[in-house]
Amino acid sequence: MHNTSRSVAIIDLGAMGHNLAEVKRLARDKKIIAMVKGNAYGHGLVGTATFLADKVDYFGVAFVEEAIELRENGIKTPILVFNPTLPEQFDDYFKYNIDHTVASISALHDLDTKAKKRGIEIKVHLKIDTGMMRLGIRYTNAQNLLRKASEVKNSQVVSVFSHFATSDEENLDFANLQLERFKKVIKFYDEQKQKPLFHMANSAAIIRLPESHFDMVRPGIMMYGYHPSEFTRSCAKLCPALTWKAKATYFKVILKDHPVSYGGTWVAPENVRAVTIPIGYADGFRRMLSNKGDVLIRGKKYSVIGNVCMDQTVIKIGEGEAYKGDDVVIIGKQGDQEITAEDMAAKLDTISYEVLTGIMKRVERVYI
Ligand SMILES: *Cc1c(COP(=O)(O)O)cnc(C)c1O
């Protein structure tokens with residue numbers, strides 16, 4: 001499994017399956033749109049989707065290129081692209097049977113006109129902005145889009161959806177306000193014969209806002225084993241699916257008073273035992289972890305010394321025993337110790353999402 005000097009990310013599909021079961025326990029009998037954008041939150045787009053393909057109803061990606069990659073790798077599950085369609089991408093959506101996000105009346109008009117010209121039918125999902133202020137027709141104006149969508153002939157409205165801005169915050173007032181706005185918008189369908197699917201819930205809302213589950217839920221981070229925030233922790237039991245590992249490439253003793261790495265930002269206060277690991281900021285081990293990050297070796301936590309380089313980092317092992325060839329865990333468990341993506345995120349003043357998606361492509365993904 002480790003016949004490369006580069007680090008690997010080992011994805012535990014059993015853990016992912018467990019997390020998906022938690023989604024299904026919380027959102028009983030709802031359809032699932034598995035969010036696999038951002039290289040499946042760093043877990044590898046195709047490998048993750050291949051595992052999930054027969055367990056979910058839809059895949060959600062940000063860009064049509066991701067959807068094409070899935071199709072070219074044999075994924076037949078319906079796919080929704082969450083960014084609006086560029087005119088020049090229209091034929092790719094059709095060729096690969098990919099659904100469109102529609103966030104305005106003019107976009108619907110353009111897509112439907114194109115579809116009519118080609119004599120085809122396309123699948124669209126209408127995006128309503130209930131407060132995120134990112135994408136979507138404003139909820140106050142949404143009726144016009146829904147009406148137009150019920151009139152056009154070549155666009156099938158598969159779903160109508162919105163997105164929470166604060167479902168992971170302690171205070172749910174704004175999330176509840178968004179929910180109320182969305183409910184008003186979809187009242188439009190009370191008088192329609194055909195109802196599309198409604199969906200709004202991200203991981204935090206799956207865990208905390210059952211009322212927002214509607215017909216379909218959109219889990220992201222929780223499928224990968226992390227909580228969206230500390231406020232969702234009590235209600236779901238999740239297992240991180242990703243372990244990031246390397247092997248120490250070099251062992252040495254750094255003599256007292258000798259500086260380490262670029263800039264000499266760390267100077268040995270005495271003779272210090274150290275190993276070099278083949279991981280750097282070009283892997284997504286951020287330079288901000290210089291003199292700050294830690295890793296696990298032989299079941300103990302050891303610190304980064306000096307600046308993180310592009311491809312290598314030096315670890316102080318103190319009195320512990322560690323040598324060239326030892327397993328090094330950057331994210332994951334070893335013995336009774338664990339470093340989570342959240343631990344790393346705390347040191348970087350960010351969230352687990354950014355740490356996970358920041359693990360670069362050159363780190364091979366291995367599925368077990
Ligand atoms: C990313 C995303 C999600 C999933 O969010 P998590 O917090 O990771 O569960 C759901 N819906 C949309 C539209 C998204 O962009």
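Trainee: Among contacts in the chain between residues at least 6 apart in sequence, what percentage join residues at least 24 apart?

Mentor: That share is 66%. Keep in mind that we're reading a predicted model here.

Trainee: Okay. How many helices and strands does the chain have?

Mentor: Count the runs from the N terminus. In this chain you get 11 helices and 21 strands. Along the principal axes, the C-alpha atoms fill a box of roughly 80 × 45 × 35 Å.

Trainee: And what part of the chain counts as buried?

Mentor: The cut-off for buried is under 20% relative accessible area. Here 54% of the 368 residues pass that test. As for what the chain does expose, that's about 16,800 Å², with carbon and sulfur atoms supplying 50% of it.

Trainee: Let's try one residue. Why does serine 159 count as buried?

Mentor: Because its relative accessible area is 0%, and buried means under 20%. You'll find serine 159 in strand 8, which covers residues 155-161.

Trainee: Which side chains make polar contacts with the side chain of serine 159?

Mentor: For a polar contact, look for a pair of N or O atoms within 3.5 Å. The serine 159 side chain has one at 2.6 Å with the side chain of histidine 125, and another at 2.8 Å with that of histidine 199.

Trainee: What else does serine 159 touch, leaving out residues up to four places away in sequence?

Mentor: Besides His125 and His199, serine 159 touches Val124, Leu126, Pro196 and Leu197.

Trainee: Last one: how far apart are the mean positions of the positive and negative charges?

Mentor: Just compare the two averages: for the 50 positive and 44 negative charges, they sit 2 Å apart.

Key:
Residues numbered from 1 in each chain as written. Predicted model: local features only at pLDDT ≥ 70, side-chain atom pairs only at ≥ 80, totals over all residues. Heavy atoms only, no water. Helix = DSSP H or I, 4+ residues; strand = E, 2+ residues; numbered from the N terminus. Buried < 20%, exposed > 50% of the residue type's maximum accessible area, 1.4 Å probe, protein only. Contact = heavy atoms within 4.5 Å. Areas by Shrake-Rupley, 256 points an atom, 1.4 Å probe, with all protein chains shown as cover. Lys, Arg positive; Asp, Glu negative; His and termini not counted. Charge placed at Lys NZ, Arg CZ, Asp CG, Glu CD. Polar contact = N/O pair within 3.5 Å; in protein donor to acceptor, adjacent residues only side chain to side chain.
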